[in-house]
Amino acid sequence: MSTRIAFLKGHGTENDFVIVPDPENVIDLPPAAVAALCDRRAGIGGDGLLHVVRSAEHPEARDMAGDAEWFMDYRNGDGSIAEMCGNGVRVFARYLQHAGYVAEGDIAIATRGGVKTVHIAKDGDVTVGMGKARLPEGDVTVSVGERSWPARNVNMGNPHAVAFVDDLAHAGDLYSPPPFSPASAYQDGVNVEFVVDRGPRHVALRVHERGAGETRSCGTGACAVAVAAARRDGADPAATGAPATYTVDVPGGTLVITERPDGEIEMTGPAVIVAEGEIDAQWLETLAL
């Protein structure tokens, strides 16, 4: 291994990521190393890590290589593996453009949540085809302190519990995962969104991301919120035959989510590369021991 490993730093609506380009999949990134890189005091700092690998070189993505050249091997800030990250896909696409692998227009990116279609626009925004939401049956409740709310169970390739509240301050500090019930609803944990209305088809959220704590933005969470809001508002596109578009304010900016009558969901927002540099490989290797 080289004594230096290239990295970049990027964010999508302030959901920030350490980016490690590794086309041939030769860099060992165990959970402890990922957590150290994402540490905001002792590492580079990020809500998660984007490991950039060619699909053909990664055992989890080889069967998608015919549809997507690149695989987003996404890790949460604590080092755990996640199925999907909507803001991460946009930043991943921006990195591919920055590195000269792709140009403006449509590209395909493999993720653990399947192959995602991404459009890089001339104005800088990136649109991601997020697939269809699944709405598991069963009542779910989330709570913070003495308060509790019914939540909509929405799966965007990763699990979400969406609770509509009167005040975003009711979400508390979101340092720890908000308790939920029943435990069987999310056996591997859940991302929890607390949502308030801002206007017609305009909402705002705070989110506790599984494995990361409160983050400035969550792309899949914004999609889950738009889906839950459309059902609450009687605007289910499958029933009305018309697309439902919601503006979703997150602490780090604004995302626009559209669900079409066929169930496909698109998310549009900014993606920015802010820095690049080198990691000391010897330091990283000590974390893998």
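**Exercise 1. Work out why cysteine 38 forms no disulfide.**

*Solution.* The sulfur of cysteine 38 lies 11 Å from the closest cysteine sulfur, that of cysteine 85, which is too far for a bond. The cut-off applied here is that a disulfide is a pair of cysteine sulfur atoms within 2.5 Å. Cysteine 85 is likewise in no disulfide, since the nearest cysteine sulfur, in cysteine 218, is 6.6 Å away. By this rule the count comes to zero disulfides.

Before going on, note that this is a predicted model, in which local features need pLDDT of at least 70 and side-chain atom pairs count only at pLDDT 80 or more, while totals for chains, interfaces and linings use all residues. Residues are numbered from 1 along each chain as its sequence is written, and side-chain values use heavy atoms, with hydrogens and water left out.

**Exercise 2. Decide whether cysteine 38 counts as buried or exposed, and do likewise for cysteine 85.**

*Solution.* Begin with the scale: buried means under 20% relative accessible area, exposed means over 50%, and partly exposed lies in between (1.4 Å probe, protein chains only). Cysteine 38 has 5% relative accessibility and therefore counts as buried. Cysteine 85, at 4% relative accessibility, counts as buried too.

**Exercise 3. Describe the largest nonpolar core and say which helix gives the most to it.**

*Solution.* A nonpolar core is a set of buried Ala, Val, Leu, Ile, Met, Phe, Trp, Tyr and Cys residues joined through side-chain atoms within 4.5 Å. The largest such core has 53 residues, and those with the most contacts inside it are Met72, Leu96, Ile109 and Ile257. Helix 3 (residues 219–232) gives the most to this core, with nine residues; helices (H or I, at least four residues) and strands (E, at least two) are DSSP runs, numbered from the N terminus. Apart from this core lies another, of 16 residues, among them Val142, Leu174, Val190 and Val192.

Next, look at helix 3 itself, where 13 of its 14 residues are buried. From its first C-alpha to its last, helix 3 reaches 20 Å, close to the 20 Å expected at 1.5 Å a residue, the expected span being 1.5 Å times one less than the number of residues. Just after helix 3, glycine 234 takes a positive phi of about 70°.

Finally, turn to methionine 72, where contact means heavy atoms within 4.5 Å. Leaving out residues up to four places away in sequence, methionine 72 touches a set of residues including Leu50, Cys85, Phe92 and Ile109.

**Exercise 4. Explain why strand 3 is largely enclosed, and find which strands it pairs with.**

*Solution.* Strand 3 (residues 48–54) is largely enclosed by the rest of the structure because six of its seven residues are buried. For pairing, the requirement is that DSSP finds at least two bridges between two strands. Strand 2 (residues 15–21) runs parallel to strand 3 and is joined to it by five bridges, with valine 18 standing opposite leucine 49. Between these two strands the chain passes through helix 1 (residues 31–38), and this β-α-β crossover is right-handed, which means that, with the strands pointing away from the viewer, the path from the first strand over the helix to the second runs clockwise. Strand 4 (residues 70–76) pairs with strand 3 in the antiparallel sense over seven bridges, and here leucine 50 stands opposite tyrosine 74.
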